[in-house]
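Colleague: I'd love a close look at one part of this model, the surroundings of the bound ligand. Could you walk me through what lies there and how it fits into the rest of the chain?

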Amino acid sequence: MNEYILEIENLTKQFPGVRALENVSLKVKKGEIHSLCGENGAGKSTLTSVISGVYPKGEYTGKVFYKGKETNYHSVKDSEKEGLAIIHQELALSPYLSIYENIFLGHMQTKFGIINWNKYIAESSKYLKTVGLNEPPGTIVSKLGVGKQQLVEIARALSKKAELLILDEPTSSLNDDESEKLLQLMLEFKKQGITLVMISHKLNEVLKVADTVTVLRDGKSIRTFDVKGDKLTEEVIIKNMVGRDLTHRFPERKSSPGETVLEVKNWSVYHPEYHNIKVVDNVSFYLRKGEILAFCGPMGAGRTELMMSIYGNSYGYRSEGELHINGKPIMLSSAKSAIDSGLGYISEDRKSLGLILIQDVKTNISHSSLNKVSRFGIMDNHAEIKTAERYRKDLNIRTPSINQIVRNLSGGNQQKVVVSKTLSANPEIFIVDEPTRGIDVGAKTEIYGIMNDIIAAGKSVIMVSSELPEVIGMADRIYVMNEGKIKGELSKKEATPEKIMHMALVG
Ligand SMILES: Nc1ncnc2c1ncn2[C@@H]1O[C@H](COP(=O)(O)OP(=O)(O)OP(=O)(O)O)[C@@H](O)[C@H]1O
Ligand SMILES: [Mg+2]
């Protein structure tokens, strides 16, 4: 019997102007967890799309063998029938349908044209139990957080009797606790004989669960490692991903904070639907010139709501409290008023709030800085191009040109465009929500370097982040939030992961 469930030989996939994959070869053993690592745009998602039939035969060259047979898929449906399931980088559930409808969508059977709903509800319960999601199957998916939606996707994959499960950055939007649960679930599946292919930029997680790691760089398969046998470390993975050593992940800081620029007092934010519930409860904090201030805490702690409400209540939040900028009280009632007062905001939800996917890279980057690239109200195309080219180079945005439609960029490169957009608006106070989510290690370091430049220029940064290493590595001060309240404050010197966790839970 063949010990490999999946074999890829000399795979090449070309898009207009981009060779996403070039002669990629790799083998996945039956029953293992095989991780794909590589920088943003290295070709990881494209590879999984070829494997699962998103790109049908004829749109690539080379061979894919699944269970010993060369595949010839015309669509994802064909691969699903053979027990191959993929969970894409961006979740793909129907938000307004229930959990059980999402699980069985597209593969329900009818008897005399009638669907037996009760059967599907009962079966859903079984799968929800397997993935550890404690929600009634009738719950509408949009009411669930990202972590739980992820579990619904997995339940859906199981319902199709997956033998090979591909997870494209499954934990990128999850907090530590949720990620840990998902990793445990993956190990559980492995025990049951399911093979897993996992893509992740969180290398510590990769090393925790993977048996094998294949590194892709610039569309080429560089090397496959046996995690135990090769005694694989994060440093070795990074070196192979980037093509060089990356020694200082957190660049050195040369400046120190000055006087207070922003002060928020007794700030509360109300739930957008349940108007008597406070999602942020009487919070007070300050931010200094030249400071990087971090907010951390578990999912649902109220960090994002706090930031969105400060940014001119621009996402439908209702808030009360005092806001002072440079000592003066101010009322901000829209994103525009926030921008006019010197605030800039990078949203954690880049898809719906950060980008116009059908427009090109340069238009997206210049979007919130229109007054900088337009003179007398007329667009200055030259300035727009210059700005976009600069960020493309500084942040290493992988795209054939700045005229590329953003939707065609890889997930991490889209995130870099969001970051560029806010940077180009050049605000006095940057609010960045999960600025490096889905971004590879090399580009993370570049973003940290830019953050240091920003504060060295006398501006200030508020960073919401679930990644404790980056919080501890970058912030001057840290506020720990939970349940809508600030539970405590730590200086750079005091901060450790243990203290932060303890503060969030105990206060
Ligand atoms: N539909 C498309 N049209 C044009 N180019 C594309 C398309 N899809 C992907 N690309 C390009 O192919 C390359 C590989 O992209 P891919 O999404 O596979 O990267 P990735 O390794 O998954 O990166 P990330 O870590 O950012 O998710 C990138 O340069 C990307 O811009
Ligand atoms: Mg990807």
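**Around the ligand, and outward from there**

Modeller: Happy to. One pairing makes a good starting point: Ile-431 has Ile-462 in S22 as its bridge partner. The two belong to strand S21 (residues 429-433) and strand S22 (residues 460-464), which run parallel and are joined by 5 bridges. Please keep in mind throughout that this is a predicted model. We will come back to this sheet after a visit to the ligand.

The shell around ligand 1 counts 20 residues, and those that come nearest are Asn-40, Ser-45, Thr-46, Ser-410 and Gly-412. By class, 13 residues of the shell are polar, 5 are nonpolar and 2 are charged. Three elements each supply at least two of the shell residues: strand S2 (18-29), helix H1 (44-51) and helix H15 (411-425). On the scale of domains, domain 1 (4-242) and domain 3 (353-426) each give at least three residues to the shell.

Now to H1, one of those three elements. Its buried residues are Lys-44, Ser-45, Thr-46, Leu-47, Thr-48, Ser-49, Val-50 and Ile-51. Because 8 of the 8 residues of H1 are buried, this helix is largely enclosed by the rest of the structure. Ser-45 and Thr-46 are thus on two lists, being buried residues of H1 and among those that come nearest to ligand 1. Just after H1, Gly-53 has a positive phi of about 90 degrees.

What does H1 lie across? The helix crosses strand S3 (33-37), S6, S9, strand S10 (195-199) and strand S11 (212-217), and runs at about 150 degrees to S9. These strands are part of an open sheet of 6 strands with mixed pairing, ordered S6-S9-S10-S3-S11-S12. At its edges are strand S6 (84-87) and strand S12 (220-226), each of which pairs on one side only. On average, neighbouring strands in this sheet are turned by 15 degrees against each other, direction ignored.

The S6 edge can be followed residue by residue. S6 runs parallel to strand S9 (residues 164-168), and 4 bridges join the two. Leu-84 has Leu-164 of S9 as its bridge partner, and Ala-85 stands opposite Leu-165 in S9. In a regular strand, side chains alternate between the two faces of the sheet. In S6, Leu-84 and Ile-86 point one way while Ala-85 and Ile-87 point the other way, and all are buried.

A contrast in burial comes from helix H6 (residues 176-191), where Asp-177 lies. Asp-177 is exposed, because 12 other C-beta atoms are within 10 Å. Its C-alpha atom is separated by 9.3 Å from that of Met-299, a residue 122 places away along the chain.

On the other side of the story is H15, which also supplies residues to the shell around ligand 1. H15 lies across S18 and S21, and its direction is at about 175 degrees to S18. Here we are back at the sheet we started from. Helix H18 (residues 497-506) packs on the sheet as well, touching strand S15 (292-296), S23 and S24, and makes about 35 degrees with the direction of S23. This open sheet has 6 strands in the order S18-S21-S22-S15-S23-S24, and its pairing is mixed. Its edge strands, strand S18 (343-346) and S24, each pair on one side only. Neighbouring strands in it are turned by 20 degrees against each other on average, direction ignored.

Towards the S24 edge there is a hairpin. Strand S23 (residues 477-482) and strand S24 (residues 485-491) pair in the antiparallel sense over 6 bridges, and Arg-477 has Ser-491 in S24 as its bridge partner. The hairpin has 2 residues between its strands, and Glu-483 takes a positive phi near 50 degrees there.

Finally, the domains. The chain is divided into domain 1 (4-242), domain 2 (255-342 + 427-507) and domain 3 (353-426). The centres of domain 2 and domain 3, taken over C-alpha atoms, are 25 Å apart. Contacts between them involve 12 residues of domain 2 and 12 residues of domain 3. On the domain 2 side, helix H16 (residues 441-456) gives the largest share, with 4 residues. That side is made up of 8 nonpolar, 1 polar and 3 charged residues.

Technical notes. Residues numbered from 1 in each chain as written. Chains lettered and ligands numbered in written order. Predicted model: local features only at pLDDT ≥ 70, side-chain atom pairs only at ≥ 80, totals over all residues. Near = placed C-beta within 6 Å. Nonpolar A, V, L, I, M, F, W, Y, C, P; charged D, E, K, R; others polar. Domains from an automatic or database assignment. Buried ≥ 20, exposed ≤ 12 C-beta atoms within 10 Å, placed from the backbone. Contact = placed C-beta atoms within 7 Å. Pairing = 2+ DSSP bridges. Axes fitted to C-alpha atoms, helices over the stretch in contact; angles between N-to-C directions.
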